[in-house]
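Trainee: I'd like a close look at chain B, please: what it touches, and how one of its sheets is put together.

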Amino acid sequence: MSNGQPAHHILSVLVENRPGVLARVSSLFARRGYNIFSLAVAPTEDPAMSRITIVVDVESSPLEQIVKQLFKLIDVVKISELDPRRSVERELMIATVRVPAEERGQVVELTNIFEGKILAVGIEAITVSLDGSPEKLDDFEELLRGYGIVELQRTGRVALPKLDKEARSRAAKGKAS
Amino acid sequence: MTEKLTGAQALIRALELEGVDTIFGLPGGCILPAYDPLLDSPIRHILVRHEQGAGHMAEGYAHVTGRPGVAMVTSGPAATNMVTPLCDAYMDSIPMVCITGQVSTTAIGTDAFQECDTVGITRSVTKHNELIMTADDIPLMVRQAFHIATTGRPGPVLLDLPKDVLQNQMTWHWPTDSDVEDSLPGYRPTTKGHPRMIKEAARLILESKQPVLYVGGGVLKARAADALRELAEMIDAPVVTTLMARGAFPDDHPLCLGMPGMHGNATAITAMQKSDLLITLGARFDDRITGRVATFAPDAKIIHVDIDPAEQGKVRRPDVPIVGDCRLVIEEIIKALRDMLAGGEKQADISAWKSRVSGWREQFPLHYSPSEPGDALKPQYCLEKLRDASPEGTILCSGVGQHQMWSSQYWKFNEPYTWVNSGGLGTMGFSVPAAIGAKVGRPDRTVWAVDGDGCFQMTAQELVTASVERIPIKVAVLNNSYLGMVRQWQEMFYEERYSEVYLSPELPDFVKWAEAMGCVGIRVESPEEVEAAIEKANSIDDRSVVVEFRVDAGEKVFPMVPAGQSNDDVILHPAQSTKREFLR
């Protein structure tokens, strides 16, 4: 993100909660050559609707065309584009790290620093989880690599727009200090 | 008072209530339950010989009537045989509802007999598709299917019906129009153009000194031919009609330049290239029209009217995008222009442009070298004779290839819905079944199917359907013993290295084959025989006629803009190429 432009688009797509809708969306992306970086989907507060949060690789696709093609799908009801600079994003990661008993403490300490959780402890390995912003997960993952990751799974981002008030009060704080 | 019906009875009743008068189909195991109530229904069923034929017939029917074509086939291989017609309808925005049988809901996913993932396979070639899991859903799903197929940008919709769903009981109900709309929260096509955009378009039109009306298939879908004519005559601008729009504006009209694009005429191509304003109506800047996009109409501003918002900016960024129904938008533009002119504004002087365009027309008519005595018959000559002898309102259907291009170039389309062809997908074998569907839709018209010998061999068996069902069509097979268009490319770009394009001069015997299928068969081998053969064909009303014209294989389609090249570098017929400086 050297020039301040985001490398990804985040699309929050409201769809009818019916069988096959996810298949339609992903096959549209495949067919048009748009590269999906990550995808998360679940029903919303209205059980008839689901929300799919898709992170799309900017290089592969003009965003305007993606949005328009998505709208052509009968099951797609609403699409919002979330600018990463103006959204709150969260993701969950679980990872199993190979670590001999005498070094286990280091991994535990690392996890605590990041405010993650210990899920399971084995003789030669430990399973941890962490939720947070994608950048925080990236940093944690990189640190874990030093120990030897056995297996790792991330959920893909979910995101909501930042609140206006929150942004304004941050700006005010910045000026004051 | 509740009425109990089987899913199959509900399906047939739903189709009747949607106004379906014809189903093209072929029964099989899974769809069998639906064929029983069909016996008692006023709907006419036409039994085809290949499911692909049912699909193309439904398309031909839709092309000429504007009503959705309906095809019904069974599961598995029948459904997969529908993929080509569905993809064709999808590419050309043809309203079509296709009903496929499916194995019982309890058997889905077990690799049962004649099972396939129809919804998965046809997902990307349909506007929408649904697997219906309970019989109670049938009325709503059928209503939805017809609504989606016929509104917004028309397209094919597939309903997959498991056998047990057809056999199960349901309680009859018929959803209202607003029930249907409410059930599709994600589908709200925009038909009315934005007033500000319309005013802006009118302003650009009045300012333009070199306008061209670029008319695409959307004008026919919107039934906007009359509105288009009013607009064109009001601003006195030249009109080009794409392959999918031939007939939307009369070829005989002085403003009509004919077809642009890869095999368009030089005037139409050049007028678009040199224009300062392309008033684009229901067209999508297809690569066959634009040639190399970077060099397409470099100086033109673009007004783009299309009902599909995704087409705006897909190929070329419009200056004035207008999402809406062509007919409604054209009418609003006419009103806006009238208001501006009444308010004292003036249209720019386009007389210099008009004479420039007239100059091109004079210098670059369509041209082919006529045959010398003793020479082989020329395909273009056959089409000209066919055209001149055709009764008013004749519907012309075509396959894909050289014969298709010559048909579009040389025929005079003066009425909409008289040209039926496969543009976007370019499906060989489209012609014969589409002609049958067209004749069913317009039994009062003469229907001619032009076909190449390659295309004919793909779907000719449907002539048996035509004979048995008493749907008399006329077929002109332009037999040059080659896959002509491919041969042309190999001649021009592969140094005459002809790879796998030679069919055969004697096989099949088209005349004997036609007679075997219950048609009259006529062979024409020299120019002298052409008119008499056509007259004989036109005089026969009670059965189909196949006229085989043995034509010169060396003829090439000109003009030509090779794929990916600039429209400025259009290749003209050799006899005209010395004059190309006049196209600058």
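Mentor: Let's say two residues are in contact when their C-beta atoms, placed from the backbone, lie within 7 Å. This is a predicted model, with local features needing pLDDT of at least 70 and side-chain atom pairs pLDDT 80 or more, while totals for chains, interfaces and linings use all residues. Residues count from 1 along each chain as written, with chains lettered from A and ligands numbered from 1 in written order.

On the outside, 13 residues of chain B meet 14 residues of chain A. Chain A's side draws two or more residues each from α1 (21–32), α2 (63–72) and β4 (76–82) (DSSP runs numbered from the N terminus: helices H or I, at least four residues; strands E, at least two). α2(A) tops that list with 5 residues.

Now for the sheet in chain B: 6 strands, an open sheet, parallel pairing, ordered β11-β10-β9-β12-β13-β14. Pairing takes at least two DSSP bridges between strands. β11 (256–258) and β14 (320–323) of chain B sit at the edges with a single partner strand each, so one side of each has no neighbour in the sheet. From one strand to the next, the twist averages 20°.

Zoom in on β9 (211–215) and β12 (277–281) of chain B, and you'll find 5 bridges in the parallel sense. One joins B:Val212 to B:Leu278 in β12(B). Across β9, β10 (239–241), β11 and β12 of chain B lies helix α13 (266–274), running at about 110° to β11(B). Axes here are lines fitted to C-alpha atoms, for helices over the stretch in contact, with angles from 0 to 180 degrees between N-to-C directions.
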